[in-house]
Amino acid sequence: MKLLLTILAGITILGTKSTTLVIDARQGNEAQIVYYGSTVCPDDINGLAAAGYRGNSLYPAFGLKGADETAISVVQPDGSLTLDLKVSEVITEKWEGGQTVTVISKDPVYPISVKNVFKSYYEQDIIETWAEIGNEGRKPVTLTKYFSGHMPVHTGNVWLSSIYGTWANEGRVCQEPLTRGIKLIKNLDGVRNSHTAHAEAMISLDGKPQENSGRVIGLALEWGGNYELRFQTDDSDYHHVLAGICPENAPYTLAKGEIFTTPALAYSFSQEGLSGISRNFHKWGRKYRLAHGDRERKVLLNSWEGVYFNINEAGMDQMMGDIASMGGELFVMDDGWFGEKYPRKDDTTSLGDWKVDREKLPGGIASLVQMADRHGIRFGIWIEPEMTNSVSELYEAHPDWVLKAPGRDNVYGRGGTQLVLDMSNPAVQDFVFGVVDNLMTENPSIDYIKWDSNMNIRAYGSQYLKNQAHLEIEYWRGFAKTCDRIRAKYPDLTIQACASGGGRANWGVLPWFDEFWTSDNTDALQRIHMQWGTSYFFPAIAMAAHISAAPNHTVHRITSIKYRCDVASSGRLGMEIQPKNMTEFEKDFCRRVINDYKSIRPLVQFGDIYRIVSPFDGQGFASMMYVAPEKDKAVYYWWKLANFHDEHFARAVFAGLSPNRQYTIHELNRIDAMPLQCEGKTFSGRFLMENGLDLPKSNYPANREQSDWSSRVLLLTAL
Ligand code: DGJ
């Protein structure tokens with residue numbers, strides 16, 4: 001690894017494989033970001049000023065600079081709102097994956113210091129930044145804004161791609177030019193921060209965003225709580241990108257001697273379009289963030305859409321037998337298995353009472369684990385440990401454990417009785433740890449936990465904290481401590497982050513989790529859109545995608561089994577269905593799909609993503625692929641998005657292949673009676689990328705059950 005780090009008269013250069021960040025941190029001056037982009041050689045760095053690269057404040061502070069947007073603002077003990085950050089020292093260090101640069105600034109008048117840390121991940125082209133704000137005085141200082149970082153982006157034909165949505169419609173892509181004013185993306189849910197807007201975005205520097213070309217900066221805030229991403233375009237030549245915890249309703253009192261560390265903000269730069277940024281984040285995420293990012297995921301059946309709350313032993317046994325017979329490797333029993341005094345029959349009771357409902361499951365969890373064993377699969381279980389219902393033994397024993405403003409009534413969520421537990425309270429942290437610990441101690445062979453979270457913070461108050469303004473931050477600190485304890489004791493357990501679907505797809509949460517439930521909406525057509533946007537920052541290995549029933553339970557659309565399988569098998573494949581309601585043909589088809597998926601699992605879960613035709617572009621179909629890092633194998637997905645007669649699509653072109661290698665085509669998940677014309681044929685990577693194939697617009701199944709939903713999955717193997 002060649003480390004690009006030179007310090008020339010206060011200029012600090014932090015390099016990754018293909019990018020350079022240039023910081024001007026001369027002692028006594030305000031630190032500035034001068035350049036972030038493709039690799040620049042040291043000679044050209046000396047010429048940056050002559051090329052018109054002007055420094056922009058690295059961490060702009062409020063109070064002495066007029067109307068500029070700021071990353072930090074404080075109220076000093078004497079009431080002054082000013083902060084002046086002047087560089088006192090720059091420390092550079094190496095770590096095994098790259099290097100860190102710490103710019104230490106101090107206020108010449110007030111005893112406040114700020115460390116802005118930049119950490120490079122050389123191979124993955126990622127640079128993280130965060131701030132450590134220290135109160136070195138004797139009196140408390142109030143932080144009214146404490147973002148993680150500021151990135152200046154030169155004006156031009158600059159476009160923003162952001163990800164928005166809602167419950168059951170996560171991961172939508174919005175693309176728009178950055179124009180005058182402020183584009184503000186924020187989330188105030190408190191618990192689930194990626195339903196309505198994601199804490200990640202991409203900035204395309206060369207006009208309308210392209211998947212596989214153009215310079216792009218990507219950014220991801222690693223924080224599961226409330227956040228803001230601000231894109232300010234003013235009368236300067238720069239857009240100002242600021243990101244961090246949303247400080248609204250959360251001024252933070254920094255005690256004497258205390259250091260406040262902001263969450264990390266991860267940046268990447270790529271010249272290979274939006275997909276290039278995705279590849280960087282996926283590689284970095286799998287290696288450094290996602291729990292077990294190097295371990296293949298099992299094919300599973302989750303019970304939720306199959307039986308909802310109607311859990312019973314015979315039913316679980318039947319589902320386990322069915323998924324085992326289709327080649328699945330894991331069964332997950334969802335909501336509805338617990339509650340003694342208040343059995344969980346629907347969503348109005350029992351959260352917190354994590355004791356088996358013996359009426360439904362006389363043999364307890366132990367007998368389910370044995371059942372799974374008999375079927376040759378593993379067993380997983382659903383919990384929602386941060387929550388309770390007012391109708392529960394837990395709430396009866398500990399009404400002081402729920403979030404509630406002092407002197408006010410509860411504000412309920414799901415089922416009219418749900419309440420959020422106060423994760424800032426150490427007693428609650430012990431309890432939540434105990435939920436997992438008890439389950440695992442009693443049933444050590446539980447393989448998988450689905451950790452759900454179905455309510456936002458409504459009653460803004462802690463019965464434990466003295467300073468209510470710290471609630472949002474202390475909730476997440478408590479969550480982190482609890483998850484650390486769980487992971488220390490159960491490092492091998494697979495844990496899914498579910499939060500009413502995709503409410504916790506965030507790099508701040510995933511270090512403790514192996515994957516997330518992408519959405520409660522399992523409709524294949526809508527999933528193509530949702531998985532597309534979610535894949536901007538999150539790899540397929542983390543994106544749970546399940547084959548479900550038709551008509552779909554959320555949108556009631558009827559799609560073919562092939563289409564549902566082809567969409568789910570582009571993510572972490574699973575099933576979310578009552579198998580006993582499937583036809584023998586469907587079961588048999590799924591058996592083949594699961595078998596095919598196992599052969600491409602390393603490609604899907606560890607391969608490099610190349611999105612090609614976006615479902616948001618109105619071309620009638622969408623396509624994408626995963627390519628092995630060695631480029632000797634690739635899998636290509638093509639999904640038709642609507643069915644009209646007399647349609648004429650573009651040829652199916654490929655991406656990411658080695659131009660000079662020959663690839664043989666083989667159709668997976670095949671339903672058609674006749675093989676494709678290209679089946680078994682060999683083409684050069686160059687031909688496939690430049691000219692592509694003309695794929696039939698419809699499937700022609702052997703059973704003649706044609707449907708209006710068509711799709712293809714092609715495996716490309718290099719000779
Ligand atoms: C919300 C989740 O997103 C669903 O998958 C399911 O687990 C339900 N909660 C159970 O209540």
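Helix 9 makes the greatest contribution to the lining of the largest cavity, supplying four residues. The model in which this cavity appears is a predicted one, and the cavity itself has a volume of about 100 Å³. Helix 9 spans residues 524–534, and together with strand 33 (621–627) it makes up the set of elements that give two or more residues to this lining. The residues around the space are R527, I528, Q531, W532, S535, M543, S570, G571, R611, M624, Y626 and W639. Sorted by class, this lining comprises six nonpolar, four polar and two charged residues. Across the whole structure, the search returns six cavities of 30 Å³ or more. As a reminder of what such a search does, rolling a probe the size of a water molecule over the atoms shows where empty space is left.

Attention can now turn to the ligand. The ligand is surrounded by 13 residues, and the closest of these are D334, D335, K450, D452 and D520. Two of these names return in the contacts with individual ligand atoms. In the side chain of D520, an N or O atom is 2.4 Å from an oxygen atom of the ligand. For D452, the corresponding distance is 2.7 Å, here between an N or O atom of the side chain and a nitrogen atom of the ligand. N454 also takes part, with a polar side-chain atom 3.4 Å from a nitrogen atom of the ligand. On its own the ligand has 290 Å² of accessible area, and the protein covers 98% of it. The shell around the ligand is made of six charged, four nonpolar and three polar residues.

Aromatic rings offer another view of the fold. In total, 38 aromatic pairs are found in the whole structure. One of them joins W284 and W507, whose ring centres are 5.8 Å apart; their planes stand at 75°, so the pair is classed as edge-to-face. This pair links distant parts of the chain, as 223 residues separate the two partners. W284 belongs to helix 2 (residues 273–289), whereas W507 sits in the loop between strand 28 (494–497) and strand 29 (515–517).

Two details of the backbone complete the picture, and both fall in loops. The peptide bond that runs from A550 to P551 is cis, with omega near 0°. P551 is located in the loop that connects strand 30 (543–548) with helix 10 (561–568). Further along, D646 has a positive phi of about 65°, although this residue is not a glycine. The loop that holds D646 lies between strand 34 (633–640) and strand 35 (662–668).

Note on methods: Residues are numbered from 1 along each chain as its sequence is written. This is a predicted model: local features need pLDDT of at least 70, side-chain atom pairs count only at pLDDT 80 or more; totals for chains, interfaces and linings use all residues. Side-chain values use heavy atoms; hydrogens and water are left out. On a 1 Å grid over the protein atoms alone, a cavity is a set of points where a 1.4 Å probe fits but cannot get out, and a pocket is an open set with protein on both sides within 12 Å along at least five of seven lines; lining residues have an atom within 4 Å of a point. Grid points are joined across faces, edges and corners, and a volume is the space filled by probe spheres set on the points. Ala, Val, Leu, Ile, Met, Phe, Trp, Tyr, Cys and Pro count as nonpolar, Asp, Glu, Lys and Arg as charged, and the others, Gly among them, as polar. A residue is near a molecule or strand if one of its heavy atoms lies within 4 Å of it. A polar contact is a pair of N or O atoms within 3.5 Å; within protein, one must be able to donate a hydrogen and the other to accept it, and residues adjacent in sequence count only if both atoms are side-chain atoms. Accessible areas come from the Shrake-Rupley method with a 1.4 Å probe; for residues, only the protein chains shown count as cover. Rings of Phe, Tyr and Trp (its six-membered ring) pair if their centres lie within 6.5 Å; planes under 30 degrees apart count as stacked, over 60 as edge-to-face and the rest as tilted.
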